[in-house]
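I opened this structure to practise reading a model residue by residue. My notes follow in the order I looked things up.

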Amino acid sequence: EMTSSLVGSEMCIRDSSQTWLAKQLNKSFSMVNAYACNRIQPNLETLQQIAVILQVDLKDLITDKEER
């Protein structure tokens with residue numbers, strides 16, 4: 001089960017703003033905010049883009065490190 005709130009937690013760790021990430025992804029702020037707040041699950045392609053932009057392992061966006 002994917003938890004996109006991990007996207008939000010990775011953003012917090014890196015102090016990346018949602019506005020900045022939205023620009024990098026070419027998506028609206030409200031869409032990125034929905035990912036970060038776990039209202040919407042990004043698709044795998046978007047998750048891969050986020051992982052590259054935030055320089056994190058894709059696995060860190062899909063599963064919590066503690067659960068692995």
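**Confidence.** I started with pLDDT, which is the predictor's confidence in each residue, on a scale from 0 to 100. I needed that because this is a predicted model. The protein chain averages a pLDDT of 81, and 76% of the residues score at least 70. I then looked for the extremes among the elements. Confidence is lowest in helix α1, residues 5–14, with a mean of 69. Confidence is highest in α4, with a mean of 93.

**Helix α4.** I turned to α4, which covers residues 44–54. Which residues of α4 are buried? I noted T46, L47, I50, A51 and L54. Viewed down the axis of α4, these buried residues fall within an arc of 140 degrees, so they line one face of the helix. I recalled the general rule: an α-helix has 3.6 residues a turn, so residues three or four places apart point the same way. On the other side of α4, I found E45 and V52 exposed.

**The ends of α4.** I checked the start of α4 and found a side-chain oxygen of N43 within 3.3 Å of the backbone nitrogen of E45. After α4 comes Q55, and I wrote down its positive phi, near 55 degrees.

**T46.** I picked T46 from α4 for a closer look. Is T46 buried or exposed? Its relative accessible area is 5%, and the cut-off for buried is under 20%, so T46 counts as buried. I set aside the neighbours within four places in sequence and listed what T46 contacts: L25, K27 and Y35. Y35 belongs to helix α3 and is itself buried, which gave me my next stop.

**Helix α3.** I read α3 as residues 29–36. Its buried residues are V32, N33, A34, Y35 and A36. Just after α3, I noted that N38 takes a positive phi of about 65 degrees.

**N33.** I chose N33 in α3 as my second residue. Its relative accessible area is 17%; this is under the 20% cut-off, so N33 also counts as buried. What does N33 touch, not counting residues up to four places away in sequence? I found Q18 and R39. For Q18 I could add a detail: the side chains of N33 and Q18 are joined by a polar contact of 2.7 Å.

**Where I stopped.** My entries on single residues cover T46, buried in α4, and N33, buried in α3.

Methods
Residues are numbered from 1 along each chain as its sequence is written. This is a predicted model: local features need pLDDT of at least 70, side-chain atom pairs count only at pLDDT 80 or more; totals for chains, interfaces and linings use all residues. Side-chain values use heavy atoms; hydrogens and water are left out. Helices (H or I, at least four residues) and strands (E, at least two) are DSSP runs, numbered from the N terminus. Buried means under 20% relative accessible area, exposed over 50%, partly exposed in between (1.4 Å probe, protein chains only). Contact means heavy atoms within 4.5 Å. A polar contact is a pair of N or O atoms within 3.5 Å; within protein, one must be able to donate a hydrogen and the other to accept it, and residues adjacent in sequence count only if both atoms are side-chain atoms. The arc is that of the directions from the helix axis to the C-beta atoms.
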